[in-house]
Amino acid sequence: MKNQSVKSIAKQYFLITISTLILAVGTYFFKFPNNFTFGGVTGLSVVIGKALPIISPSTANLILNVLLLAVGFFFLGKNFGIMTVYASMLLSFSLSGLEILYPMDKPLTDDPMLELVFAVLLPAFGSALLFNIGASSGGTDIVAMILKKYTSVDIGRALLLSDLLITLSAFLLFDIKTVLFSMLGLFAKSLVVDSVIENINMCKYFNVVCSNPEPICGYIVDKLKRSATICEAKGAFSHDQKYIIFTAMKRYQAVQLRQFIKHVEPGAFILISNTSEIIGKGFNNGG
């Protein structure tokens, strides 16, 4: 049990590290050079880097995250998420490290739309992976945690408003083209994050109407390491005794189960639907 716990924690931090590095690459190589201001602390870092040329966006990001972490510890105490602290500091130092290893004074390409796509996709993908395992990269998420604890403010609206204000601040410092790209990125980011999380959690829900449930349930339990529920039923046309098997599993397991059912009982009626919200043991949202 202890070894399993250590293995689970190691896997969790490995995923946090990979996710944060993806976020850092997208931010440093595509967001910072193009002055895209959408999205929390990294967006604010772009604004500060432009307003105060002596401070680079990477340095501004490090300073802001350290300050927010200090505020988080002060207001949230021991309940402050250690995974958020790890991801936040890793992101800040990764950005500073990239600045030293690969200094950039202009965008990688001369196509701002292509750069915007990667500036949205990479950080959004990294953020989605973090959210999916119960972590975050810090920044405005820390503010959200404080607001959630001490106020009744609608967190989603508060964060959207803060991101919008940061993006609109670009009007004071950048040309209209950069501002419009930033606005587009702001709206695209939320859509991409939601889509990635939904696809990561995508599972298959089965309703199987069959005559002999034992082989199928045996395969589900013994081979796929899932569980199922069996209900007795009666055919409306044939009036034969039937059984309905209810089960849910990952997509790759669903392919195996479908093939097995076709092999052991070709006449079974199978209804398969997509679902990304499953609460229960064995799934991300369960125990």
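A residue counts as buried when its relative accessible area is under 20%. In this predicted model, Cys217 meets that cut-off, because its relative accessible area is 11%. Cys210 is buried as well, with a relative accessible area of 0%.

The two cysteines were then examined for a bond. A disulfide is a covalent bond between the sulfur atoms of two cysteines. Here the cut-off is a pair of cysteine sulfur atoms within 2.5 Å. For Cys210, the closest cysteine sulfur belongs to Cys217, at 7.1 Å. That is too far for a bond. The search from the other side gives the matching result: the closest cysteine sulfur to that of Cys217 lies in Cys210, again at 7.1 Å, and so no bond can be assigned. The disulfide count is therefore zero.

Helix packing was considered next. Helix 2 covers residues 40–51, and helix 3 covers residues 57–76. Their axes come within 8 Å of each other. They cross at roughly 130°. Angles over 145 degrees count as roughly antiparallel, and those from 65 to 115 as roughly perpendicular. The crossing of roughly 130° fits neither range, so helix 2 and helix 3 are oblique to each other. The crossing is right-handed.

The contact between these helices involves named residues on both sides. Helix 2 contributes Val41, Thr42, Leu44, Ser45, Val46, Ile48 and Gly49. Helix 3 contributes Pro57, Ala60, Asn61, Leu64, Asn65 and Leu68. Of the residues in this contact, eight are nonpolar and five are polar. No charged residue takes part in the contact of helix 2 with helix 3.

Backbone angles were also examined. Most residues other than glycine have a negative phi. Asn35 has a positive value, with phi near 60°. Asn35 sits in the loop between helix 1, residues 2–31, and helix 2. Its relative accessibility is 25%, so Asn35 counts as partly exposed.

His239 also has a positive phi, near 60°, and is a residue other than glycine. The loop that holds His239 runs between strand 2, residues 229–234, and strand 3, residues 241–250. Exposed means over 50% relative accessible area. His239 has 54%, and is therefore exposed.

Notes:
Residues numbered from 1 in each chain as written. Predicted model: local features only at pLDDT ≥ 70, side-chain atom pairs only at ≥ 80, totals over all residues. Heavy atoms only, no water. Buried < 20%, exposed > 50% of the residue type's maximum accessible area, 1.4 Å probe, protein only. Axes fitted to C-alpha atoms, helices over the stretch in contact; angles between N-to-C directions. Helix = DSSP H or I, 4+ residues; strand = E, 2+ residues; numbered from the N terminus. Parallel < 35°, antiparallel > 145°, perpendicular 65-115°, else oblique. Left-handed = near helix turned anticlockwise from the far one by under 90°. Contact = heavy atoms within 4.5 Å. Nonpolar A, V, L, I, M, F, W, Y, C, P; charged D, E, K, R; others polar.
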